Amino acid sequence: MYTGIYVFHPTIPGYPKARFPGVVVFSEIYQVTGPVARFARQIAGQGYICAAPSSYHEFTGPEPLQYNAEDTDSGNKWKITKKLAAYDEDASLSVDYLLSLPTCNGRVGATGMCLGGHLAYRCALDKRVKASVCYFATDIHSHTLAEGKKDDSLERAGDIEGELLMIFGKNDTHVPPEGRDLIRKTLHEKGVLFGFYEVAWAQHAFIRDELSKGRYDPAISKVCFEMLLELFGRTLKIELGEHDGKKLEVEDVC
């Protein structure tokens, strides 16, 4: 396993053998920056072991890139230079790592922002992943992730067995309205269990809490974080057992 994984582990004083669910936290194109680390630490503080892989370990060290023009260009170049199989291998190894920990309860989810939102979606293709929260999942609609710009993320939506939560801003120029419509339509057609939230006035990367070009919105970020906790709490902390096989019948009454 490569070593570029940042780990954020909850602790309960007096209970060294406490076990927690695991969450893979995927970063934007700048790797595990301050905002990504704080996001992972927030999740860990709610009782989840977070593993945040450095996506560009093939090209550079595990250190975060800077929010400047030069590193933005590098991150965007590496995003489409890296092989799709390498992204998937990183996700699988991160899940392997979490499940190998004696403090993990054996249940794993995923989340991420921007590039990481797409990677959290692809991580959901792993049958071991029970839930994924995907913030501003870039490039899914355009098939432009990785070398050759021919990723199969939308085509493989039917392989997702866990639950998804997709979060976008209405003013997100990286995933325009027609792209969001395509993602939502495809998930419906493929029978994926998912929630889809578009914030009326938010832009791309509105949860990035520094140097975000005026996009950061702490109020909306708090609401979205509560949705993340609801999904992860219901799917990773509670043991639901086997589904009874019955189709949910919704009554059309007031």
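# Briefing: one chain, six helices, seven strands

Residues 24 or more positions apart make up 74% of the chain's contacts with a separation of 6 or more. This is a predicted model, and 53% of its 254 residues count as buried. Below is a quick tour: the overall fold, then helix 2 and what packs on it, then helix 4 and T138, and finally some loop residues and the cysteines.

**Overall fold**

- The chain's secondary structure adds up to six helices and seven strands.
- Walking along the sequence, you get β-β-α-β-α-α-β-α-β-β-α-β-α.
- For 254 residues, a compact globule would be expected to have a radius of gyration near 18 Å, and the chain agrees, with 18 Å.
- The C-alpha trace spans about 55 × 50 × 35 Å along its principal axes.

**Helix 2, a helix with two sides**

- Helix 2 runs over residues 69–81, and its 13 residues reach 18 Å from first C-alpha to last, close to the 18 Å expected at 1.5 Å a residue.
- Its buried residues are D71, T72, S74, G75, W78 and K79. They sit on the same side of helix 2 because they cover an arc of only 160 degrees around the axis.
- Turn to the other side of helix 2 and you find A69, E70 and D73 exposed.
- What covers the buried residues? Helix 3 (84–100) and helix 4 (115–123) are among the elements that do.
- The N-terminal end of helix 2 has a cap in N68, where a side-chain oxygen lies 3.3 Å from the backbone nitrogen of E70.

**L65, just ahead of helix 2**

- L65 belongs to the loop between strand 3 (49–53) and helix 2, and it counts as buried at 10% relative accessibility.
- Setting aside neighbours within four places in sequence, L65 is in contact with I29, Y30, T33, D71, G75 and W78. Of these partners, D71, G75 and W78 also appear among the buried residues of helix 2.
- L65 and I5 are 60 residues apart in sequence, and their C-alpha atoms are 15 Å apart in space.

**Helix 4 and its link to T138**

- Helix 4 is largely enclosed by the rest of the structure, because nine of its nine residues are buried. For the roll call, that is L115, G116, G117, H118, L119, A120, Y121, R122 and C123.
- T138 comes from the loop between strand 5 (129–135) and strand 6 (163–171), and it is buried, with a relative accessible area of 7%.
- A polar atom of the T138 side chain lies 3.5 Å from the backbone nitrogen of L115.
- Not counting residues up to four places away in sequence, T138 touches C114, L115, H118, H174, V175 and H204. Two of those, L115 and H118, are buried residues of helix 4.

**Two loop residues with positive phi**

- Most residues other than glycine have a negative phi, which makes the next two worth a look.
- Q31 is not a glycine, yet its phi is positive, at about 65 degrees. You'll find Q31 in the loop between strand 2 (20–26) and helix 1 (34–45), and at 0% relative accessibility it counts as buried.
- A205 is the other case, with a positive phi near 60 degrees. Its loop lies between strand 7 (194–203) and helix 6 (218–237), and A205 is buried too, with a relative accessible area of 0%.

**I12, a partly exposed loop residue**

- I12 sits in the loop between strand 1 (5–8) and strand 2. With a relative accessible area of 42%, I12 is partly exposed.
- Beyond residues up to four places away in sequence, I12 touches A18 and F20.
- I12 and L115 are 103 residues apart along the chain, and 32 Å separates their C-alpha atoms.

**Cysteines**

- How many disulfides does the structure hold? It holds zero.
- Take C134: the closest cysteine sulfur, in C123, is 9.4 Å from its own, so the two are too far apart for a bond.
- C134 counts as buried, at 0% relative accessibility, and C123 is one of the buried residues of helix 4.

Note on methods: Residues numbered from 1 in each chain as written. Predicted model: local features only at pLDDT ≥ 70, side-chain atom pairs only at ≥ 80, totals over all residues. Heavy atoms only, no water. Helix = DSSP H or I, 4+ residues; strand = E, 2+ residues; numbered from the N terminus. Expected span 1.5 Å × (residues − 1). Buried < 20%, exposed > 50% of the residue type's maximum accessible area, 1.4 Å probe, protein only. Arc of directions from axis to C-beta. Contact = heavy atoms within 4.5 Å. Polar contact = N/O pair within 3.5 Å; in protein donor to acceptor, adjacent residues only side chain to side chain. Disulfide = S-S within 2.5 Å. Rg over C-alpha atoms; globule rule 2.2 N^0.38 Å.
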